[in-house]
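Please describe the structure shown below, covering its overall fold, the model confidence, the charged pairs and the nonpolar surface.

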Amino acid sequence: GGGGGGSACGGRFLVPLSAAGLALDAVMDSLQPDAELRPGQRPARATGPAVAAAVHLLAACVPGTGGRALLLTGGPATVGPGRVVSRDQGDSIRTHKDCEKGEARLFHKAAKFYEGLGERLAATGHTLDVFAAALDQVGLAELRAAVSDSGGVMILGETFDHATLRSSLGRVLATGPDGHPDCGYNATVEVIAPKEIAVAGAIGSVSGVKRETKRTVTEVAVGEGGTTAWRACCLNPGSTITLFFDVATSHATPAPGGEVFVMQFTTRYVHPDGSTRLRVITSARRWVSGGDTELADAFDQGAATAAVARLAAFKAASEESIDVVRWLDRSVIALCKRFGSWQSNDPSSFQLPDTFQLFPQFLFHLRRSQFLQVFNNTPDETAFYRLWLERETTANALTMVQPALLSFTIGEPPVPVALDVSSIQGERALVLDTFFMVLLFHGVTVAAWAAAGYQHLPEHAAFAEMLSAAEAYAEGAAEGRLPAAPIVRTKQGGSQARFLLAKLNPSATHDNATGLSEEVIFTDDVSLSVFLEHLAKVVTA
């Protein structure tokens, strides 16, 4: 834990690792395997009671003092509160289809149990981190509320020896030069806004602080709403909270056009050294007086994409994915109708202002992303992806929505290329950064040359430099990231090339292959060009 203070029971149950190291080693060495399982039976794993014990122990011993509980689990909970599957291996763990059809009989009860623990963690200022090492699901979908409400992290790995899991654990527990973790504990974030602006809510690793407020809040909440203050049990330098507002004016009492107004964002937190710190951001803004042109000039399509992605993922947790995609489509159509220019029934005349040019493209990739399309993903994987989307920086959120693709060719500097299947060329090496994974891809010619060992021949030094540059860039992109991003190395036609193909715009498929692309994607999904053409038709109709 971080900070100081605590109750008298802290010394009885919680002591520094230096004072308990030998006893802890002795306990670990004395652990015996469970009795041999009967065929077709899962281990008895009481994850829920274990988490509850840690939560209540922290609450009793160090209330209001920064602290975190780490759950390392190798399988699903099968007994006690919070169990997600029975011990009978004949009963499969819930899938997205089961949840949609209401056939996940243990899901809601377990989720409710962990929601209660999340509320307790938020009330006492403590954090729950989950490190799951298993080939199957362990119940992260049920645990997500407790992790998100407390500002914790979720890490997935296949085994406890998996590099991703071990690196992530090291980064969570890392300390700076001063010996303290680079984070703040038990934080309260508050918004102070003028009466003309209503606070709708917040999305992020926060929980709402329910208290009387004279500030205006909207009747319909967005995320954690109904308040102007939120608890963040653990903040790090990259923690991001998305705040939503509405203009609380009417035609009878319009906002004063052209006038300046001020908003304040205060963050009070406990530093690991025990001191309480307050950070205040004061932002001056001006009411628009020149209509939509002023709004368009000030539009930040990157920030808007991150906010819309988080809102869409939040809605997808309680609505059908197809309904969220339709909501996205309606939203982008309404936006294009308001800010675009066109001649009636002439799609070719449709244009958006420069500040909006990339926004439809971002939403195209969001519609196809794992945040909304759950096919071929488990509920645990979906919970993992959505948790990180809601808390990362705008730049990282954009990388999740539309991964970055960099091309390396002999004798030329690396250049960004379109996230399109036509970017795959035999004499290129590509590096794809999805935030969760960095993929190093060799075109068919590059892979053949590398297999022949050309990079080791003096006359092919330029080829060796290209391979080294791509490798160095991939390693640099993954360095220091949390969760640790594995580097996947593959080639054109290789089995893991599917990770790249799944992210690319399918401009060339098995139905419409052209000579402009050396690769095709076997899919029925529409391409970006078809999506934009249809958008223009709907807007100008």
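The report below treats these topics in turn.

## Model and confidence

The structure is a predicted model. Mean pLDDT for the protein chain is 90, with 96% of its residues at 70 or more. Residues 1–6 have pLDDT under 50 throughout, and the model has 20 contacts for this segment beyond four places in sequence.

## Overall dimensions and packing

The protein chain contains 17 helices and 17 strands. Its C-alpha trace spans about 75 × 75 × 50 Å along the principal axes. The radius of gyration is 26 Å, which agrees with the value near 24 Å that a compact globule of 541 residues would have.

Of the 541 residues, 47% are buried. Among contacts with a separation of 6 or more, 69% are between residues 24 or more positions apart. The exposed area of the protein chain is about 27,000 Å², and carbon and sulfur atoms supply 54% of it.

## Buried salt bridges

Side chains of opposite charge can pair when their charged atoms come close. With a cut-off of 4 Å between a side-chain nitrogen of Lys or Arg and a carboxyl oxygen of Asp or Glu, the model has 15 salt bridges.

One of them joins R68 and D129, with an N to O distance of 2.7 Å. R68 belongs to strand β1 (residues 67–73) and D129 to strand β2 (residues 126–133), so this pair ties together parts that are 61 residues apart in sequence. R68 and D129 are both buried.

A salt bridge is also formed by R144 and E390, whose closest N and O atoms are 3.0 Å apart. This pair links distant parts of the chain, 246 residues apart: R144 is in helix α6 (residues 140–149), while E390 is in the loop between α12 (379–389) and α13 (394–401). Both R144 and E390 are buried.

## A partly exposed pair and a network

D273 and R277 meet through their side chains in a salt bridge of 3.4 Å, N to O. D273 has a relative accessible area of 40% and is partly exposed. R277 is also partly exposed, at 34%. Elsewhere, R94, E142 and D380 are joined into one network by salt bridges that share partners.

## Nonpolar surface patch

L17, L24, V27, M28 and L31 make a nonpolar surface patch of about 520 Å². Of these residues, M28 is located in helix α2, which covers residues 17–30.

Conventions
Residues are numbered from 1 along each chain as its sequence is written. This is a predicted model: local features need pLDDT of at least 70, side-chain atom pairs count only at pLDDT 80 or more; totals for chains, interfaces and linings use all residues. Side-chain values use heavy atoms; hydrogens and water are left out. Patches are made of residues with over 30% relative accessible area and no salt bridge: like charges are joined within 9 Å, nonpolar side chains (Val, Leu, Ile, Met, Phe, Trp, Tyr) within 5 Å. Accessible areas come from the Shrake-Rupley method with a 1.4 Å probe; for residues, only the protein chains shown count as cover. Helices (H or I, at least four residues) and strands (E, at least two) are DSSP runs, numbered from the N terminus. The radius of gyration is taken over C-alpha atoms; the globule rule is 2.2 Å times the number of residues to the power 0.38. Buried means under 20% relative accessible area, exposed over 50%, partly exposed in between (1.4 Å probe, protein chains only). Contact means heavy atoms within 4.5 Å. pLDDT is the predictor's confidence in each residue, from 0 to 100.
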